[in-house]
Amino acid sequence: SRIENLKTMVVTIYPEFKPYLNPNDINAWAGFRPMSADGLPYIGKTRLTNVYMNAGHGHLGWTMASGSGRLLADMISNRATAIDVASFNPTR
């Protein structure tokens, strides 16, 4: 039903696209976005030696990418972080 809704919206917004909308060319797929149970991403050192994690952002992955990347880079480099990182600890 979600795919049908998307097709309807495309034709509603771009009516001139309708002749090019071939149902046989449409393949539904899901871009799953891993998310942590509590909604906060896992950012930091894991229990494994020299293994760090930056995952679990859910639908905010692209939105949070630069900030979480910078945070992890600071953690790996032993620099002071701009925010408290305790909430993001992968071993929480």
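N50 lies in the loop that links β1 (42-45) to β2 (52-55), and in this predicted model its phi is near 60°, a positive value in a residue other than glycine. Most residues other than glycine have a negative phi. N50 counts as exposed because its relative accessibility is 64%, above the 50% cut-off. A second asparagine, N78, also has a phi near 60°, and the points below set these two residues beside the fold, the core and the surface of the chain.

**Backbone at N78**

- N78 is found in the segment that follows α2, and there its phi is positive although the residue is not a glycine.
- With a relative accessibility of 72%, N78 lies over the 50% limit and is therefore classed as exposed.

**Fold and overall dimensions**

- The chain contains two helices and two strands, and read from the N terminus these elements follow the order α-β-β-α.
- The radius of gyration of the chain is 20 Å, whereas a compact globule of 92 residues would have a value near 12 Å.
- Measured out along the principal axes, the C-alpha trace spans about 55 × 20 × 20 Å.
- Among the contacts with a separation of 6 or more, 41% join residues that are 24 or more positions apart in the chain.

**Core and the surroundings of I43**

- In soluble globular proteins, nonpolar side chains tend to be buried together.
- Here the largest nonpolar core is made up of five residues, namely I43, L71, L72, M75 and F88, and helix α2 (residues 61-76) gives the most to this core, with three residues.
- Leaving aside residues up to four places away in sequence, I43 touches L71, L72, M75 and F88, each of which belongs with I43 to that five-residue core.
- The other contacts of I43 under the same sequence limit are with M53, N54, H57, S68, N89 and P90.

**Burial, surface and charge**

- Buried residues account for 17% of the 92 residues in the chain.
- The chain exposes about 7,300 Å², and carbon and sulfur atoms supply 58% of that area.
- There are 9 positive and 6 negative side chains, and the centre of the positive set lies 6 Å from the centre of the negative set.

How values were computed
Residues numbered from 1 in each chain as written. Predicted model: local features only at pLDDT ≥ 70, side-chain atom pairs only at ≥ 80, totals over all residues. Heavy atoms only, no water. Helix = DSSP H or I, 4+ residues; strand = E, 2+ residues; numbered from the N terminus. Rg over C-alpha atoms; globule rule 2.2 N^0.38 Å. Buried < 20%, exposed > 50% of the residue type's maximum accessible area, 1.4 Å probe, protein only. Contact = heavy atoms within 4.5 Å. Areas by Shrake-Rupley, 256 points an atom, 1.4 Å probe, with all protein chains shown as cover. Lys, Arg positive; Asp, Glu negative; His and termini not counted. Charge placed at Lys NZ, Arg CZ, Asp CG, Glu CD. Core = buried A, V, L, I, M, F, W, Y, C linked by side-chain atoms within 4.5 Å.
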